[in-house]
Amino acid sequence: PERKALLGKLKELGGSLAASIQQLESLHKDQEGVLNRLSKRPLPTTVEDKQAFLEQLKNSQVGKAVQRLKKHQCQEIKSAALHLRCKWESLIEGVGAPAAQRSANTPKSVPMKSDVAPS
């Protein structure tokens, strides 16, 4: 009886674990999709539009969310966040404000998964 109860609990835990893994995979795909959509949006071209865009970006807290995603465990999400951040930094440089200080390990731009040729 004890063994059957333990096996039942193990099956239950296995089902819960499988469901959790599916949720995480779905969340990763959602995050990567959002980052890719943001990255594909055209950047404003006039100084006034750039300043307005940067102000909206600052007020929306999207930049902070992207910053956190740069530390994500999934390499595709990390790369997409870095790519988007570099794209936004080009706007900051374009309106005369200095870009954030980069560390020696932070590349100027990061190739997206779709930009890299298959090997």
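**Exercise 1. Work out which residues of H1 are buried, and how the helix spans.**

Step 1: Gln31, Leu35 and Ser39 are the ones to mark as buried in H1, where buried means under 20% relative accessible area, exposed means over 50%, and partly exposed lies in between (1.4 Å probe, protein chains only). Helices here are DSSP runs of H or I with at least four residues, strands are E runs of at least two, and numbering goes from the N terminus.

Step 2: Now the span. H1 covers residues 2-40, so 39 residues, and reaches 57 Å from first C-alpha to last, close to the 57 Å expected at 1.5 Å a residue. That expected span is 1.5 Å times one less than the number of residues.

A quick note on the ground rules: this is a predicted model, where local features need pLDDT of at least 70, side-chain atom pairs count only at pLDDT 80 or more, and totals for chains, interfaces and linings use all residues. Residues are numbered from 1 along each chain as its sequence is written, and side-chain values use heavy atoms, with hydrogens and water left out.

**Exercise 2. Sum up the chain as a whole.**

Step 1: Count elements: four helices and zero strands, running α-α-α-α from the N terminus on.

Step 2: Check burial and surface. Of the 119 residues, 23% are buried. The accessible surface comes to about 9,000 Å², with 56% of it belonging to carbon and sulfur atoms (Shrake-Rupley method, 1.4 Å probe; for residues, only the protein chains shown count as cover).

Step 3: Look at contacts, meaning heavy atoms within 4.5 Å. Among those with a separation of 6 or more, 65% join residues 24 or more positions apart.

**Exercise 3. Sort the faces of H2 and H3.**

Step 1: In H2, pick out Lys50, Phe53, Leu54 and Leu57 as buried. They span an arc of only 95° around the axis, which puts them on the same side of H2; the arc is that of the directions from the helix axis to the C-beta atoms.

Step 2: Flip to the other side of H2 and you find Glu48, Gln56 and Asn59 exposed.

Step 3: Repeat for H3, where Gly63, Val66 and Leu69 are buried. Their arc is only 120°, which again puts them on the same side, this time of H3. Lys64 and Arg68 are exposed on the face turned away from that buried side.

**Exercise 4. Find the residue after H2 and describe its backbone.**

Step 1: H2 is followed by glutamine 61, which sits in the loop between H2 and H3.

Step 2: Read off phi: near 70°, a positive value in a residue other than glycine.

Step 3: Add accessibility, and glutamine 61 comes out as partly exposed at 42%.

**Exercise 5. Track down the salt bridge, then explain what lysine 70 is doing without one.**

Step 1: Side chains of opposite charge can pair when their charged atoms come close. The cut-off for a salt bridge is a side-chain nitrogen of Lys or Arg within 4 Å of a carboxyl oxygen of Asp or Glu. Searching the whole structure turns up one.

Step 2: Name the partners: glutamate 89 and arginine 85, with their closest N and O atoms 3.5 Å apart. Both lie in H4, four residues apart, about one turn of the helix. Glutamate 89 is buried at 8% relative accessible area, while arginine 85 is partly exposed at 23%.

Step 3: Turn to lysine 70, in the loop between H3 (62-69) and H4 (75-94). Lysine 70 is buried yet has no salt bridge, and the nearest side chain of opposite charge, glutamate 89, is 5.8 Å away. For charge, Lys and Arg count as positive and Asp and Glu as negative; His and the chain ends are not counted.

Step 4: List the contacts of lysine 70, leaving aside neighbours within four places in sequence: Lys78, Ala81, Leu82 and Arg85.
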